[in-house]
Amino acid sequence: MKKYLALILALVMSLSLVACGGGEDAADDGAGDAATETGRVYYLNFKPEFDAALQQLAADYTAETGVEVKVVTAASGTYSDTLTAEMAKDEAPTIYNIGNMSGLKDWDEYAIDLKDTALAGELNTDAFNLYNDAGELKAMGHCFESFGIIVNVDLLKEAGYELSDITNFETLKACADDIHARAGELGFDAFTAAGLDGSSSWRFSGHLVNLPLFYEFRDDGVTEQPATVTGAYLDNFRNIWDLYITDTSADAKTLSTSTGDESKAMLTEKKAVFYQNGSWEYASLAEAGLNVAMIPIYCGVEGEEKAGLCSGTENCWAVNSKVSEADQKASLDFLYWLVTDAEAAQVVVDNLGAIPFKSAPASSNAFLANGNDLAAAGNYTLTWAFNHTPNVDSFRATLVTALTAYSADPTDANWDAVVSAYVDGWAIEYATVNG
Amino acid sequence: MAKKSAAKVNLVQRPIKKWAPLFILPTFAAFCIGFVWPFLQGIYLSFCSFNTPKDATWKGIENYTKVFSDAGFLNAFKNTAAFAVVSIVLINVVAFTIAYALTQKIRGANLFRTVFFMPNLIGGVVLGYIWSLIFDGILKQYGTYLTANGTYGFWGLVILVAWQQIGYMMIIYIAGLQAVPEDMLEAAHIDGASRSQTLFKVIIPNVMPSITTCTFLTLTNSFKMFDQNLALTGGLPSVIQDGAKVNVTELLALNIYSTYNINKNWHGVAQAKAVIFFLLVAVLAIAQQAATRSKEVQQ
């Protein structure tokens, strides 16, 4: 009996090895043949919410041209791990995402110069592209997003205010304080919870921090990642943060476990008027039947009546320089088709919001329209200064730690820790990354 | 008759011996592909600067010098050592006590065994999130929260891991306790040994093999602790200490992981940390095995 068992086990083992080997061989052959003729496209997708549509587009493209397009989407928050692992393979991604300048430093050698491609010729702005030190266009911003304060316009009216009443920090604070004071009678409060759980803290440690960063970079004329930051606008940051944690029904002592879903639910269940987040939220909020608009985040900076939304991108296409020229060409052709084919471009716009390509249709995203209106009225756009953040996860973690402690006990001493996390934290991370 | 059976054995054994290498080959190949090769490549990469393993360039011992000047690593090392000591003692003492109690003739002992074992079936990440909610719920009553300081996070992790692993170790101890020869216990009883004398002079020496196994498992588990650490606190709070970043509740494995994710300059350093980590666990495990083995008795 034992003998038979051992024999069967040995058989199964050797068969499984043979099966693995055989399977791989077959796959290699297929891809190899295709590569010599037309090139292959392997798109490593950064946005999970774009996956379904992109898979469909890939299938359509294959049906139309016969070129195989493989789309793989990394799970949320694991893009850099997945990218590193995939890049080490023989069948490496041909199209992938570079998020910001520090991402470009890591992947510079793995990206071709896109400057003279037909795809680049379709761009209507250079604002979202990433260039390396040699001035080569290595990653192409292919959609942009905006964030600000999302307002439930109906609730605001119910409280007796109009969107036009809010033009700077003083008016925002007056409005929010008033709503908060009357919360019991109105049945809703001013702000949703400023949750500092991992699912929500990036809205503040990443996005809200953009305000002090943007303003000090503007004053100092900073255009590249600086070794140090001054924190000149941290008092403004404190203004808006105090407002977030005061004019709300959420308990400031329990923010460390308050999640993004909780915060969003306060808006969709009409328990709060204001919710800081971005244009990517529009589709789900519109679906929930809310009448929403986005206004700039005000924090008491001189001249902020002319502020617009914070707009930028972490979505930049790069084409792998270490795959064959046929693969590169096939990839560029696919991207060109994505932004020029009428139907395909419409799908891209529906999923990614506004895209900066000449022949692309306009987006139906109302938040992006709010941003365009502000820009058309001559307001300045706040670029995504936080894209310069060195060792971004660690920088944000320290800031969240300090913000959580400050929120639970808002003393000056605890605020000093926030200042230190911002100013000293930046210098330490810069040294770490460049050391 | 004897001659005949010897010939038969030879007839069977000789071909087996001859063909043994062939039968070993699949497993050996799998072992090489899945363990030996990655391990050697890992050691090589720890001396390199690399983004993906394909574009590695030789750097010498630079990565190793960086490891020892990293405040975060030294902090994680201290945490892990403290965590290992506390959890080894706590888990083994409690698991043994429960096993001892459940091998006495108690009503519903099987039910208790099942219940105590069950936490072990839940994955580490899920446990981490559930316990972070529990701890935060409790700490909220006192106006504070889990990641407010390193102490809460540390003891939180100890409680979580104890809760998870005690049931598993308990099963091993129960098996050990049931194997203690009945006649020895009877002899001890007749000789008038007290309950505690029986426990310390008869039972414990006899379950030494289980103790060896359990301390080995708890030791290596504590050092390799990753998902519970990640899900419970994620290393937070993250503070600036003496001009360096330190994630206060970070253990070694999580520190290696976060080092790798800084940027490509740190991939090699993370790999060097992993090699040091391996050596450490190997040396400790061998030392521990040698120490407890020597106390085992032959039955």
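**Phe147 and Trp384**

I looked up Phe147(A) and found it buried, and Trp384(A) is buried too; buried means under 20% relative accessible area, exposed over 50%, and partly exposed in between, with a 1.4 Å probe and protein chains only. This is a predicted model, in which local features need pLDDT of at least 70 and side-chain atom pairs count only at pLDDT 80 or more, while totals for chains, interfaces and linings use all residues. Residues are numbered from 1 along each chain as its sequence is written, chains are lettered from A and ligands numbered from 1 in the order in which they are written, and side-chain values use heavy atoms, with hydrogens and water left out.

I then searched the whole structure for aromatic pairs and got 42 over all chains. Rings of Phe, Tyr and Trp (its six-membered ring) pair if their centres lie within 6.5 Å; planes under 30 degrees apart count as stacked, over 60 as edge-to-face and the rest as tilted. The ring centres of Phe147(A) and Trp384(A) are 5.9 Å apart and the planes stand at 45°, so I noted the pair as tilted. Phe147(A) is in strand β6 of chain A and Trp384(A) in the loop between β12 (380-383) and α17 (392-408) of chain A, 237 residues apart. Helices (H or I, at least four residues) and strands (E, at least two) are DSSP runs, numbered from the N terminus.

**Phe191 and Tyr244**

I noted another tilted pair, Phe191(A) with Tyr244(A), at 5.0 Å centre to centre and 55° between the planes. Phe191(A) lies in strand β7 (residues 189-191) and Tyr244(A) in helix α11 of chain A, so this pair ties together parts 53 residues apart in sequence. Phe191(A) has a relative accessible area of 3% and is buried; Tyr244(A), at 2%, counts as buried. Ring pairs link these two with Phe204(A), Trp241(A) and Phe274(A) into a cluster.

**The core**

Which residues touch the most other members of the largest nonpolar core? I found Ile179(A), Trp241(A), Tyr244(A) and Phe274(A), in a core of 62 residues. Such a core is a set of buried Ala, Val, Leu, Ile, Met, Phe, Trp, Tyr and Cys residues joined through side-chain atoms within 4.5 Å. Helix α11 (residues 234-246) of chain A gives the largest share of this core, seven residues. A second, separate core has 36 residues, including Phe50(A) and Trp337(A).

**Charges over rings**

I last looked at Arg218(A), which lies over the face of Tyr380(A), 5.5 Å from the ring centre. In chain B, the charged end of Lys66(B) sits over the ring of Trp266(B), 4.8 Å from its centre. The test is NZ of Lys or CZ of Arg within 6 Å of the ring centre and within 35 degrees of the ring normal.
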